[in-house]
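I am opening a notebook on a structure that is new to me, and I will write down what I look up, entry by entry.

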Amino acid sequence: MSIVFSPSLRCQLPVLLALLQGIFVAIFIMFVTYEDHSIRSPFHNLTEEKEDHLTAIFPSFKDVHLMLFVGLGLMLSFLKLYSFGGIAFNFLIANFAIQWSLIVQGFFYHYKEGKISLRLENVLDAEFAAVTALISAGAVMGRTSPVQLLLFSALEIPLFVVNDWLVNKYFHVIDIGGTIAIHIFSCYFGLGVAQILYQPELRKTHPKEATNSNSDFLSFLGTIFLWIFWPTFNSVLAKTEAARLHAIINTFFALSSGTITTFALSSLIDRRGRISLVYLQNASLAGGVAIGIIADLISPGGAFAVGCLAALSCILGYQYLSPFLARKIKMQDQCGIHNLHGIPGIIGTLSSIVVILIGPTNTYSTSLHEMLNDSNLGIQSPVLEVFGNQNTWTAKDQALGQAAAFGVTFGVSLLGGYITGLLLRLPCFVHPSKDYFFDDQLYFQIPED
Amino acid sequence: MSIVFSPSLRCQLPVLLALLQGIFVAIFIMFVTYEDHSIRSPFHNLTEEKEDHLTAIFPSFKDVHLMLFVGLGLMLSFLKLYSFGGIAFNFLIANFAIQWSLIVQGFFYHYKEGKISLRLENVLDAEFAAVTALISAGAVMGRTSPVQLLLFSALEIPLFVVNDWLVNKYFHVIDIGGTIAIHIFSCYFGLGVAQILYQPELRKTHPKEATNSNSDFLSFLGTIFLWIFWPTFNSVLAKTEAARLHAIINTFFALSSGTITTFALSSLIDRRGRISLVYLQNASLAGGVAIGIIADLISPGGAFAVGCLAALSCILGYQYLSPFLARKIKMQDQCGIHNLHGIPGIIGTLSSIVVILIGPTNTYSTSLHEMLNDSNLGIQSPVLEVFGNQNTWTAKDQALGQAAAFGVTFGVSLLGGYITGLLLRLPCFVHPSKDYFFDDQLYFQIPED
Amino acid sequence: MSIVFSPSLRCQLPVLLALLQGIFVAIFIMFVTYEDHSIRSPFHNLTEEKEDHLTAIFPSFKDVHLMLFVGLGLMLSFLKLYSFGGIAFNFLIANFAIQWSLIVQGFFYHYKEGKISLRLENVLDAEFAAVTALISAGAVMGRTSPVQLLLFSALEIPLFVVNDWLVNKYFHVIDIGGTIAIHIFSCYFGLGVAQILYQPELRKTHPKEATNSNSDFLSFLGTIFLWIFWPTFNSVLAKTEAARLHAIINTFFALSSGTITTFALSSLIDRRGRISLVYLQNASLAGGVAIGIIADLISPGGAFAVGCLAALSCILGYQYLSPFLARKIKMQDQCGIHNLHGIPGIIGTLSSIVVILIGPTNTYSTSLHEMLNDSNLGIQSPVLEVFGNQNTWTAKDQALGQAAAFGVTFGVSLLGGYITGLLLRLPCFVHPSKDYFFDDQLYFQIPED
């Protein structure tokens, strides 16, 4: 195993990490500050506001951490020889991406008089950006080095921030859970990279790309953690308590019906009626992805239906679409992110259009109408003025906005992925040799069992 | 392994799941709705109420999920060849049971003008019902198919709802943590089923009914998750903050003293003083079961004592009573639910009687007296009128009510279990052949290790 | 394996546990009571206060449990033959230590008119004391019996309480996260015991002192749980919401930069650039230890810098200092607590001195100045009167106080550790024979895999 990297991991990883972390520390010291509480007054009111603020945000902050580090970390550890690669690189990239997002979003949104003022919400926003990087990386897991993954996220984060701003400002997208901004974006960015990093050797299964009972079990445990805290993820950006309540319950319902659908369809597909662990680990979550975009707007029954549909399409994606795409357009999607994030994301987008168009006839339309008639709408959104102003803005216009937001996100992310992929292929960056794909031994001092 | 099922799993499981989920989706679309917030006014007050509401309920909702899906899921994965059966069927049955309970409880309690109005508490109530199904299923784990388990819960949930209503309405039972309504009910329902599904082959240990270090370790980790969130479970229904505070601390104390008792007694029983993993996984939680019924009423010292007693009786149950019952009345209790839920439940019921009878002499009697003198008491509870009305209602009457609630629950659940067991034995339902008891390979596409 | 203990585990463990638990139950029954809510009035206000109280404290209570029982429990399970010893003895000692701390702190701080009045904060305080015992025990893990560990904590807890009181009352130490009171104390107490319990046989690696992939993986999962909830730990004692907010974010930042530093330095040290699992499991947390003392006072950039420095020094400690100390002063530190708690604790103490001295020039000085000019200062702190009174008290005086608190804690804990070690060496207490160090078989009924 003398030369498995060319160039050397030991040269590039520490230098890159030290350099990036050094720059970040310098930027934080120079630019980032807490709000100065002594300026505001009266003091007592501030305290009260802070208290409400913390009581509301801090639990969500921890829930998102449990999702990112425990849930996703465990879920990505499904390969028996690459379990540390799954959980530990997820941990590394998450930390890097959160810091980097804080800086990018800080300068983009919160830079004022030479300083970036920091609140706990900013950290939460940064974690939503980081999620995007972590999902995308799933497409090339095990066949890229941590050096490549760091560059990958370094490029993805700013593009995510720009696209997120774009779809909000220009299309006034309704998407509380980030179905378009996070799931669609991360999926097609990741697939773009994966297509450029195509490995002909992986057309047949790599000998090290295998699970065992224990790695599959722990991966499913990760799925369960994601499942439990997904309602937090889809509800944390809700602006009213009613919206938050609906988002929580609807997400739970979509996950629940999706889970039962997963068991049903998985058993149906197998010749002996057995459940597939891959489907269980992934399709159980498809409802959460799809419902995100309308978690605050849909009715309970609608949430159930969307969950069933999302899980159904996710499994059919794994079973029929993935093999087809791998053959036809050389798309090697290691973790199946297209099936868990892409397809359910499309289901969600379509559902949002349906709900918006038929919404006014049901009782949840209040919040939808409020959004549509939001007095700031005409001012905030230049493109919307093309379609009409705040008074004439209709559900149909909003439906078009949803579709446009999807289209733009799809294009931006795929193109971004292609460019990033080309950069990662440069021979100057350390990459694993084919024999050591999906192998922890390359990156970790693994004990001999 | 060509014919291990008769009839086929692949025919029954997908059809049954699709059918049930389809019916549930239809019911939710037709009958279930969120409260219409636009009706109530003034709007601002509603928002405030909602906020308090969510802040109070949502954390408990997540805690209960961690208990059900992670805690109980891991705990049930103690068999080395049936770990997926433990965690994944728990996941499936929990999802089914929660949806089904929402419907049953919805029509039973919340049906008005053709609609069931949904709040987050309703989901929490449904999860309490689901717990019952999950505990019961432990008695026949590994020797029943998921088809049988689904029918099992489909029958148990409505009976649970009726019994819960019965003991509250007619006996005005004091039981904040569900010691009688949940633990006693689920235990004897499960044992009733288990007795009917008696398997002579299981008199000696089945060759596949074995643990290994890893499965035992993860099962103990599940115990720890249950242990941590048990105070939430026992306190979530408290009506005053003082009651909630006492329920939290008392549950923690009972679990803690029960844990130390478990180490002590387990070491004493073994010839070489070693700790039994089975006792550790189960008896550590016995205090939480027993204290539930009086978690809001007992003193700190009393909680410690109840915890010790519960763990003691749980271990003695495993050591002496279970083998005896298996031999004498053919009771095959796979997970030992009688020792963890039945016996500590009896200890708890007896403790509640003691506390109620001697309660007025200690400082926590305020809440007890308030309950007893609740002005609605005479009206709510027809049977209580036999004993006396609100003015003459005494601690002794309440003690009798506790005993009656226990007796009724015991009878209803055991009888319900027998009937359910008879149904499950019908040859038309898929059931595993004896050689494939406790074997994931029958139900899951397990990787070859 | 006939005689591996002398004297017998079966004689001592149950007797000791039953005795201690019995005495504790008796003390709780006789002395501990809940606040009598009927005394206070008006009733309504009390309820409101209670509600805020529970909403604020209960989540922290659960977070700390997740850290203690899941996080630390898993982290300590890194040895393949001693995983139950890691997680289960942690569970036992934690329970014992919490109960014992409640009693010691109860009589020390809350004893009034023959009763100890109990609040949820008291339980939280007791858990902070218990943490100390659990960290210390890491130094002698696997080569001490549970009987020895119980005595160990029985002696450490009262000394911790006295030292904590000392550094607060006499040196008015600023230390929100317990860097000095918890980490420095537990480290040097544990090392004191370890030095006395020196085992010449352990100069070379014991054949059973080995990890495997699975135990290393689960241990890292424990690290992640600790990492996620560390912001709670460092912020729970904050008195204002601004302080709490800063403590949360700063702790997160220090952990994050420490994690990236860990990957960088670990890769740099290895000849092939691979990451060490030991460093990953430990140094990722070093930032949390170091930042504790100033988590509410430092700027975001400062938190990042402290995190880098702490992880750096932790890894250098493992790599160079530990082998040196083992050779020179016979310090056998099983879990490397000196590297994770001692060295980062020193970094933290030094950082606190720097921040206090240069603090007034930055915007967070408000809270620092408020602390320094706290009107009660002169009265509370006799020693401070030597240096000056509340009006003349300067940052320099406080810096000296920090140094003095460190020095006193170092001395008290090391001395306490030596004395405790001497006691534990007494032949009357059960101890494992050398061949059975790091072996679960001695203490648990382990299944044959």
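Entry 1, a salt bridge in chain C. I began with C:Glu121 and C:Arg119, whose side chains meet in a salt bridge at 3.9 Å, N to O, the term standing for a side-chain nitrogen of Lys or Arg within 4 Å of a carboxyl oxygen of Asp or Glu. I found C:Glu121 partly exposed, with a relative accessible area of 23%, and C:Arg119 also counts as partly exposed at 23%; here buried means under 20% relative accessible area, exposed over 50%, and partly exposed in between, with a 1.4 Å probe and protein chains only.

Entry 2, ground rules. I note that this is a predicted model, in which local features need pLDDT of at least 70 and side-chain atom pairs count only at pLDDT 80 or more, while totals for chains, interfaces and linings use all residues. Residues are numbered from 1 along each chain as its sequence is written, chains are lettered from A and ligands numbered from 1 in the order in which they are written, and side-chain values use heavy atoms, with hydrogens and water left out.

Entry 3, other salt bridges. I looked up C:Asp439 next, which forms a salt bridge with C:Lys208, the closest N and O atoms being 2.6 Å apart. C:Asp439 lies in the segment after helix H16 (395–424) of chain C and C:Lys208 in the loop between helix H6 (179–196) and H7, so the pair ties together parts that are 231 residues apart in sequence; helices (H or I, at least four residues) and strands (E, at least two) are DSSP runs, numbered from the N terminus. Both C:Asp439 and C:Lys208 are buried. In chain B, I found B:Arg274 and B:Asp270 joined by a salt bridge of 3.0 Å, N to O, with B:Arg274 buried at 16% relative accessible area and B:Asp270 buried at 11%. Over all chains, the structure holds 15 salt bridges.

Entry 4, where chain C meets chain B. I read that 59 residues of chain C are in contact with 58 residues of chain B, contact meaning heavy atoms within 4.5 Å. The count of salt bridges between chain C and chain B is one, and B:Asp63 forms a salt bridge with C:Lys62, with the closest N and O atoms 2.4 Å apart. On the side of chain C that touches chain B, H2(C) gives the most, with 13 residues.

Entry 5, a helix of chain B. I closed with H3(B), in which 23 of the 27 residues are buried, so this helix is largely enclosed by the rest of the structure.
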